[in-house]
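I wanted a look at the empty spaces in this model, and at one helix pair. My notes follow.

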Amino acid sequence: MSKQLRAGLMLTLTALIWGAAFVAQSVGMDYVGPFTYLCSRSVIAGIVLLPLIKSTSKNEKPGQFDRSTLIKGGIACGIALFAASILQQVGIKYTTVGKAGFITSLYMIIVPIIGIFLGRRAPKKVWFSVVVAVIGMYLLCMNGVEGIGKGDLLVLLCALGFAFHILIIDHFSPMVNGIKMSCIQFWITAAISAVPMFLIEKPSMSSIIAAWAPILYAGALSSGVGYTLQIVAQKDIDPTVASLICSLESVFSVLFGWLLLHQALSLKELAGCALVFIGVILTQIPDRQKA
């Protein structure tokens, strides 16, 4: 199995985990505020990764990774992850889930656009795949046309945040231990979230305990496993392709709603799912070698 294929499969699993997390995220917000939810899940994610760090560190060679680069990468990832996550969480309060899902998925087209300013040119194949996938996301997530409101703008900023998060990972992941950087980013996210959590929301332990199941899933799987898989996989795959694969979380969230909550998919939504999958598959087709 090639490194690129393995990375693609890891990112698909990541999208699957993230898609299922929408259910946990929705339930958890019935008990706690957005900063409390984000802080709690980030703390759990950081704790979950501690034993993995110990086991993977045994295989590191002395001086293999620069400590200062690891810390810089972890802090940068943590800030970007906090900004994107909290903007999405708050934005969903003021817009529909369908619009939020579509607007968030726009990070897959923001990544190659930012890449142009960083001197990275994506192949025409990738741009075509992005267009196909965006059309698919529109068919899948948008139900009717409404004006752009406060929530829409917040979620759009969230998409920008996730785009920067992907590019930051792409820059630092080849130079550091991915699991260590992932762990640092969660503690940074938790630390930043804790300030407004105590100042604004003032959560009680009873409310956090009441939301223990969705917080545990989001922390251990969606954050701990999902974002770590993303960091490890992005060492071997183009960031634009990675963003396309990760955007499958919206598809999986709809599919989980259909399977677990018995929410039927319309013909338009099924067509959207198909287009997104086609867009992702197209990015995985090897380019023809010039003679």
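**Pocket, cavities, one crossing**

I began with the second largest pocket, which holds about 210 Å³ of space. I kept in mind that this is a predicted model.

I listed what lines the second largest pocket: Thr 56, Asn 59, Glu 60, Gln 64 and Phe 65, then Val 176, Asn 177, Gly 178 and Ile 179, and finally Val 232 and Lys 235. Sorted by class, that lining gives four nonpolar, five polar and two charged residues.

**Closed spaces**

Next I went for the cavities. How many are there of 30 Å³ or more? I got two.

The largest cavity has about 310 Å³ of space in it. I found 23 residues in its lining, and those nearest the centre are Arg 41, Gln 88, Phe 162, Tyr 227 and Glu 249. Then I asked which elements give two or more residues to this lining. They are helix 1, helix 2 (34-57), helix 3 (67-91), helix 7 (150-172) and helix 10 (212-233). By class I have 13 nonpolar, eight polar and two charged residues around the largest cavity.

The second largest cavity comes to about 30 Å³. I noted its lining as Leu 38, Arg 41, Ser 42, Leu 81, Ser 85, Phe 186, Thr 189, Ser 223 and Tyr 227. Two or more residues each come from helix 2, helix 3, helix 8 (178-201) and helix 10. Helix 2 has the largest share, with three residues. The class split here is four nonpolar, four polar and one charged.

I marked Arg 41 and Tyr 227 in my notes: they are among the residues nearest the centre of the largest cavity, and they also line the second largest cavity.

**Helix 1 against helix 12**

Last, I checked how helix 1 (residues 3-28) meets helix 12 (residues 248-260). Their axes come within 7 Å and cross at roughly 50°, so I wrote the two helices down as oblique to each other. And the hand of the crossing, left or right? I have it as right-handed.

On the helix 1 side I listed Thr 12, Ala 15, Leu 16, Trp 18, Gly 19, Ala 20 and Phe 22 as making the contact, and on the helix 12 side Leu 248, Glu 249, Phe 252, Ser 253 and Phe 256. By class, the contact has eight nonpolar, three polar and one charged residue.

One cross-reference for later: Glu 249 takes part in this helix contact, and Glu 249 is also one of the residues nearest the centre of the largest cavity.

Terms used:
Residues are numbered from 1 along each chain as its sequence is written. This is a predicted model: local features need pLDDT of at least 70, side-chain atom pairs count only at pLDDT 80 or more; totals for chains, interfaces and linings use all residues. Side-chain values use heavy atoms; hydrogens and water are left out. Axes are lines fitted to C-alpha atoms, for helices over the stretch in contact, and angles run from 0 to 180 degrees between N-to-C directions. Helices (H or I, at least four residues) and strands (E, at least two) are DSSP runs, numbered from the N terminus. Angles under 35 degrees count as roughly parallel, over 145 as roughly antiparallel, 65 to 115 as roughly perpendicular and the rest as oblique. A crossing is left-handed if the near helix is turned anticlockwise from the far one by less than a right angle, and right-handed if clockwise. Contact means heavy atoms within 4.5 Å. Ala, Val, Leu, Ile, Met, Phe, Trp, Tyr, Cys and Pro count as nonpolar, Asp, Glu, Lys and Arg as charged, and the others, Gly among them, as polar. On a 1 Å grid over the protein atoms alone, a cavity is a set of points where a 1.4 Å probe fits but cannot get out, and a pocket is an open set with protein on both sides within 12 Å along at least five of seven lines; lining residues have an atom within 4 Å of a point. Grid points are joined across faces, edges and corners, and a volume is the space filled by probe spheres set on the points.
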